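Trainee: I am new to this structure and would like a close look at a single part of it. Could you choose one helix and take me through its surroundings with care?

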Amino acid sequence: MTATPEVLPRSGPTDEPVQPSSLGMRIAIGVFVFVPLIAVLVAIPVAWGGWLSWVDVALVMVFWALTGLGITVGYHRFFTHRSFKAGRGVKIALALMGSYALEGSLDQWVADHRKHHKFSDEVGDPHSPWRFGTSKKSVAKGLLWAHVGWLWGAENTPIEKYAPDIAADKDLAAISRYFPAVVAATLLLPAVLGGLITWSWAGALTALFWAGFVRVALVHHVTWSINSICHVFGNRPFVSRDLSSNVAWLAIPSFGESWHNLHHVDPTSARHGVLRGQVDLSAILIRALEKSGLATDVRWPKPDKVAARLKDPALARRVRGYSPTPAATLPAATLPAATESM
Ligand SMILES: [Zn+2]
Ligand SMILES: [Zn+2]
């Protein structure tokens, strides 16, 4: 499906404060982006050579789920949007799981993402694919920018303005401070497990390659596809002020984050896949946490509110839990007199 912008991005300067990005940081980002990507490029010959076992496949799945959900349920829905409340243990677990995805420290991720919502697809958005214009060539350039290019942008979103709550939390500040240990753990844990399960150095090495590097690349590019693909392609059933869109084929690998049009309409909702048939694995985990008492005050979407934001009211019957109001189903003659004077 091709992009048909319904609203054009606004242009003009913004007086937002920014922090200059250091050369060291840009080099580090280069290592974090390209090393896992190189692993993906050599993955086919490695698998062809027989260096891929069922243990590796299982470890990829486990670490993909842990770190992918760490980003979607942890970094995104819990820390950035406060879609639910949780105790200290769950908070630390989610912060570690998200950090193991190697998408940067929690405080910077939250700050960038909150700024994305504030200026979505307008000047000030850290990663809008519409940054360079709406011609095909500009959007192609914009897609690359929104996917990875913005990571090397000259400016950082200031944490003190956009994520002071994260910076003020001692547990979370410690996890950000010990990021090198997080990097080591996310690569060494699969290697140790692979070595122990197969009781061989070869098993440790292939697990490091598959469940370490290749898995990091997969989680990276699925997350970044939400910033790029889910603001250009797909469909937009809801009235939103930006170009966020729903992309069905990304729903499973992104753990439900690709129902991105709804997310921009109702950012604090714990569920993004609000229409029937829209699989949202992150919402399933949040429901499980709620049922086991580990998550409270969950902001589940309100079917009436969701239905009211649809462009096509006929789609309302597809909203989970939606039932037409009794007044709407009654014949006009039986409506209370008060409504006639409205
Ligand atoms: Zn977005
Ligand atoms: Zn968001």
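Mentor: Before we begin, one definition is needed: the axis of a helix is here a line fitted to its C-alpha atoms over the stretch in contact, and the angle between two axes runs from 0 to 180 degrees between their N-to-C directions. Please also keep in mind that this is a predicted model.

With that in hand, take α9, and begin with its pairing with α4: the two helices pack at an angle of about 20°, and their axes are 10 Å apart. That makes α4 roughly parallel to α9, since angles under 35 degrees count as roughly parallel. The crossing in which α4 passes α9 is right-handed. On the α4 side the residues that meet α9 are R88, K91, I92, A95, L96 and S99, and their partners in α9 are D171, L172 and I175.

Two of those partners appear again when we ask which residues of α9 are buried, for the buried ones are L172, I175 and S176. They cover an arc of only 100° around the axis, and therefore lie on the same side of α9. An α-helix has 3.6 residues a turn, so residues three or four places apart point the same way. Turning to the other side of α9, we find K170, A174 and R177 exposed. The buried residues, for their part, pack not just against α4 but also against α5, α8 (164–167) and α10.

The end of the α4 contact list leads us on to α10, the helix that holds V182. Leaving aside neighbours within four places in sequence, V182 is in contact with S99 and Y100. V182 and S99 are 83 residues apart along the chain, yet their C-alpha atoms are separated by 6.7 Å. V182 itself counts as partly exposed because it has 19 other C-beta atoms within 10 Å, whereas a buried residue needs 20 or more.

From α10 we can step across to α3, which packs with α10 at an angle of about 145°, the axes being 11 Å apart. Their crossing is right-handed, and the contact is made by V55, D56, L59 and F63 of α3 together with P190, L193, G194, I197 and T198 of α10. The same α3 also packs with α11, at an angle of about 35° and with the axes 9 Å apart, again in a right-handed crossing. Among the α3 residues in that second contact are V55, L59 and F63, and they belong to a group that meets α11 residues including A207, W210 and V214.

These helices come together in the largest nonpolar core, which has 48 residues and in which L106, V110, A207 and I286 have the most contacts. At least two residues of this core come from each of α3 (54–80), α4 (88–99), α5 (106–118), α9 (170–177), α10 (179–198), α11 (201–228) and α13 (281–291), and the largest share, 12 residues, is supplied by α11. A second core, separate from this one, has 20 residues, including V139, W145, V247 and L262.

To place α9 in its wider setting, the protein chain has 16 helices and 4 strands, and buried residues make up 41% of its 342 residues. Among its contacts between residues at least 6 apart in sequence, 68% join residues at least 24 apart.

Methods: Residues numbered from 1 in each chain as written. Chains lettered and ligands numbered in written order. Predicted model: local features only at pLDDT ≥ 70, side-chain atom pairs only at ≥ 80, totals over all residues. Core = buried A, V, L, I, M, F, W, Y, C linked by C-beta atoms within 7 Å. Buried ≥ 20, exposed ≤ 12 C-beta atoms within 10 Å, placed from the backbone. Contact = placed C-beta atoms within 7 Å. Arc of directions from axis to C-beta. Parallel < 35°, antiparallel > 145°, perpendicular 65-115°, else oblique. Left-handed = near helix turned anticlockwise from the far one by under 90°.
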